[in-house]
Amino acid sequence: MTYYILLKSDSTIVSGYNAEGLKNKQKAVGGLIQLVSLEEGMTAYINEEGLLNSLPVNTLATLYFRNANVFDRYLFENQEVLGNVLFRCESEQQYKLLEASLKLAKQVNRLEQSMEDSDVR
């Protein structure tokens with residue numbers, strides 16, 4: 001079975017996203033898709049024209065890609081992921097692990113933002 005998680009550029013995590021078929025994958029990322037291999041059994045789909053369309057930086061996806069050494073294997077402008085990212089997992093274990101790690105990263109990111117905001121004041 002295949003499992004999908006949509007990570008929107010505003011850090012919204014949509015678990016169990018229905019992404020079967022090309023049209024649903026394109027809808028998820030908002031345009032033409034580019035496949036990015038992450039690890040055995042896990043891939044990501046990103047918008048192929050993210051830079052051209054000035055899509056916003058997806059902070060959580062950028063952190064995930066950096067930690068998975070994706071930027072060492074693929075050419076990314078400024079080593080940032082732009083727009084929505086659709087993750088595809090081939091196992092339930094990968095899916096649950098990815099879901100948990102994205103939720104944790106989201107909480108850490110919120111905490112860091114909160115700390116930065118309080119330092120500014």
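Visitor: Which residue forms a salt bridge with E92?

Guide: Happy to start there, and please keep in mind that this is a predicted model. E92 sits in helix α3 (residues 92-120), and its partner lies four residues further on in that helix, so about one helical turn separates the two. Their closest N and O atoms are 3.3 Å apart, and the partner of E92 is K96.

Visitor: Are E92 and K96 buried or exposed, or something in between?

Guide: Buried means under 20% relative accessible area and exposed means over 50%, with partly exposed in between. E92 has a relative accessible area of 40%, and K96 has 47%. Because both values fall in the middle range, E92 and K96 are each partly exposed.

Visitor: How far apart are the closest N and O atoms of E99 and K103?

Guide: Let's look at helix α3 again, where E99 and K103 are four residues apart, about one turn of the helix. Side chains of opposite charge can pair when their charged atoms come close. E99 and K103 form a salt bridge, with the closest N and O atoms at 3.8 Å.

Visitor: Which of E99 and K103 is buried, and which is partly exposed?

Guide: The cut-off for buried is under 20% relative accessible area. K103 has 44% relative accessibility, so K103 counts as partly exposed. E99 has 17%, so the buried residue is E99.

Visitor: How many salt bridges are there by this rule?

Guide: Besides E92 with K96 and E99 with K103, E90 forms a salt bridge with R88, with the closest N and O atoms 3.2 Å apart. E90 is partly exposed, at 47% relative accessible area. The count comes to three.

Visitor: How many residues of strand β4 are buried?

Guide: In a regular strand the side chains alternate between the two faces of the sheet. In β4, M42, A44 and I46 point one way while T43, Y45 and N47 point the other way, and all are buried. For β4 (residues 42-47), then, the number buried is six of six.

Visitor: Which strands pair with β4?

Guide: Strand β3 (residues 33-39) runs antiparallel to β4 and is joined to it by six bridges, with E39 opposite M42. Five bridges, also antiparallel, link β4 to a strand of residues 85-89, where V85 stands opposite I46. The partners of β4 are β3 and β5.

Visitor: Which residue in the hairpin of β3 and β4 takes a positive phi?

Guide: This hairpin has two residues between its strands. The positive phi is near 85°, and the residue that takes it is G41.

Note on methods. Residues are numbered from 1 along each chain as its sequence is written. This is a predicted model: local features need pLDDT of at least 70, side-chain atom pairs count only at pLDDT 80 or more; totals for chains, interfaces and linings use all residues. Side-chain values use heavy atoms; hydrogens and water are left out. Buried means under 20% relative accessible area, exposed over 50%, partly exposed in between (1.4 Å probe, protein chains only). Two strands pair if DSSP finds at least two bridges between them. A salt bridge is a side-chain nitrogen of Lys or Arg within 4 Å of a carboxyl oxygen of Asp or Glu.
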